[in-house]
Amino acid sequence: MSTPALDISSLTPLPYHQQVVEYLKTSEPAVWSWASSLGVQQEHAQDVRAQLLRDTYRLSPETHPQAYQACETALQCLQIQAPATLYQAGDGVMNASLYYLAGEVHVVFYGPILERLDAQELLALLGHELAHYRLWSEHDGDYLTADRILNHAMADVYTPASLEQTARLYSLHTEIYADRGAALVASGPEASITSLVKIHTGIVSVDAASYLQQARELDGKDAQLSQGVSHPEAFLRSQAVDSWWRQLPETDAWMHRRLRGPLSLSRLDVTDQVELTALTRGFIASFIGASVLQSDVVLNQVRGFFPDWKDNETPLDLGTLNAERIDASIHEYLHFIMLDLSLVDRDLRDEALLHAARTAKKLGSADDFISVLKRDIKLPKRELDPIVRALKAEVDTWTQ
């Protein structure tokens, strides 16, 4: 049975876009109100018009009929009703960009891109740029407002690393969305892929199937995360648009693995911070559920972490904490949470540490936990050895 063709209803904001918008609306209402205000929009429009007049040459439909026809085709496919103007800028590097103004489409070409791309590739390129316009125009401009907030945050030297990571990931996911628009307009991912490679390498002729095969050779178990700052690497974008077009069920999971990876303290964005907070609460609820930790002293320590702690917090299923969800830094973070709770009540210390070691064993990080006890806690050998022996005895029992 063949897969039904995709249409404009398939071009929707990615889950990451939705998560960031929801976070900013909820957590930063004053900033959101400012960024979506009419005054900010008008100031932006004035800057854009001045920049276009100053830095580009405006193309006309009479002198560049093919480019304007391709643009009209893309506008119709993406159901955008707005007048379009095309421009050429002097930068020698091949590229294109959309300058967003509400109700107006402005696309700037850079370098010899109009000469290097064939008709189908030009169509895909314009589909990509106009998809940006569609995203920014949807849902009362929410996705544009989020982008504007993150861009302003990046201009502040005191911006926290989590917001920098959010801005980066938001941009990467926006490019993935725009590539989907390119595929829709060009009736398939091939022209989107070949135009990407041409722009990236400057080569004259590209075979999309060959490049996809090359890209998949980088997609093994230990594949690295995207290092892109504003755009994912061409090999990742090619795989992403091809996978989406073929409606492969693992598309979202693959994208999360290649763009974001497991939860890590070194690259937390604002949505990861929300997830880590929920994970921490669930983990603590699971950990202190053991009888050995039923102590007012322990509970007071927990309330030091979370003043709103409830007696009916939902325990986390430790089986969900696999390598695809958390990395070694989160394991270490959880180890220190367990140590903090295990050492706070001296009357429970020995049994609590053994419970913590057993919990680490369930997480698959018992050896690392023992190393923490040696290196950071400097637990005396006479106290450490019984814990190690107990763990070994339990493992031997399980394997018999």
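Two strands are taken to pair if DSSP finds at least two bridges between them. Helices (H or I, at least four residues) and strands (E, at least two) are DSSP runs, numbered from the N terminus. The model is predicted: local features need pLDDT of at least 70, side-chain atom pairs count only at pLDDT 80 or more, and totals for chains, interfaces and linings use all residues. Residues are numbered from 1 along each chain as its sequence is written, and side-chain values use heavy atoms, with hydrogens and water left out.

## Overall features

The chain contains 18 helices and 4 strands. Its C-alpha trace spans about 85 × 50 × 40 Å along the principal axes. Of its 400 residues, 49% count as buried; buried means under 20% relative accessible area, exposed over 50%, and partly exposed in between (1.4 Å probe, protein chains only). The chain exposes about 20,600 Å², of which carbon and sulfur atoms supply 51%. These accessible areas come from the Shrake-Rupley method with a 1.4 Å probe, and for residues only the protein chains shown count as cover.

Contact means heavy atoms within 4.5 Å. Among contacts between residues at least 6 apart in sequence, 70% join residues at least 24 apart.

The chain carries 34 positive and 54 negative charges, and the mean positions of the two sets are 7 Å apart. In this count Lys and Arg are positive and Asp and Glu negative, while His and the chain ends are not counted. Each charge is placed at NZ of Lys, CZ of Arg, CG of Asp or CD of Glu.

## Strand β4 and its partners

Strand β4 covers residues 104–110, and 6 of its 7 residues are buried, so the strand is largely enclosed by the rest of the structure. Strand β2 (residues 84–89) pairs with β4 in the parallel sense over 6 bridges. Within β4, V107 is the bridge partner of L86. Strand β3 (residues 95–101) pairs with β4 in the antiparallel sense over 7 bridges, and here Y110 of β4 is the bridge partner of N95. The hairpin of β3 and β4 has 2 residues between the strands, and G103 in this hairpin takes a positive phi near 80 degrees.

V107 lies in strand β4. With a relative accessible area of 0%, V107 is buried. Neighbours within four places in sequence aside, V107 is in contact with T85, L86, Y87, S97, L98, L126, E129 and L130. The C-alpha atoms of V107 and P262 are separated by 37 Å, the two residues being 155 apart along the chain.

## Nonpolar cores

In soluble globular proteins, nonpolar side chains tend to be buried together. A nonpolar core is here a set of buried Ala, Val, Leu, Ile, Met, Phe, Trp, Tyr and Cys residues joined through side-chain atoms within 4.5 Å. The largest nonpolar core has 68 residues, of which L86, V105, F109, L126, L130 and Y170 touch the most other members. Helix α8 (residues 161–185) gives the most to this core, with 10 residues. Apart from this core lies another, of 44 residues, among them F283, I326, I330 and I387.

Residues up to four places away in sequence are not counted in the contacts of Y170, which touches Y16, H17, V20, V21, W136, Y143, A146, D147 and L150.

## Helix α17 and two loop residues

I370 is located in helix α17. The residue is buried, with a relative accessible area of 10%. Beyond residues up to four places away in sequence, I370 touches L384, I387, V388 and L391. I370 and E275 are 95 residues apart in sequence and 27 Å apart in space, C-alpha to C-alpha.

D367 is also found in helix α17, but at 65% relative accessibility D367 counts as exposed. The C-alpha atoms of D367 and A357, 10 residues apart along the chain, are separated by 9.0 Å.

Two residues other than glycine with positive phi are set out below.

| Residue | Phi | Loop | Relative accessibility |
|---|---|---|---|
| Q247 | near 55 degrees | between α11 (234–245) and α12 (251–260) | Q247: 34%, partly exposed |
| K378 | near 55 degrees | between α17 (366–375) and α18 (381–399) | K378: 61%, exposed |
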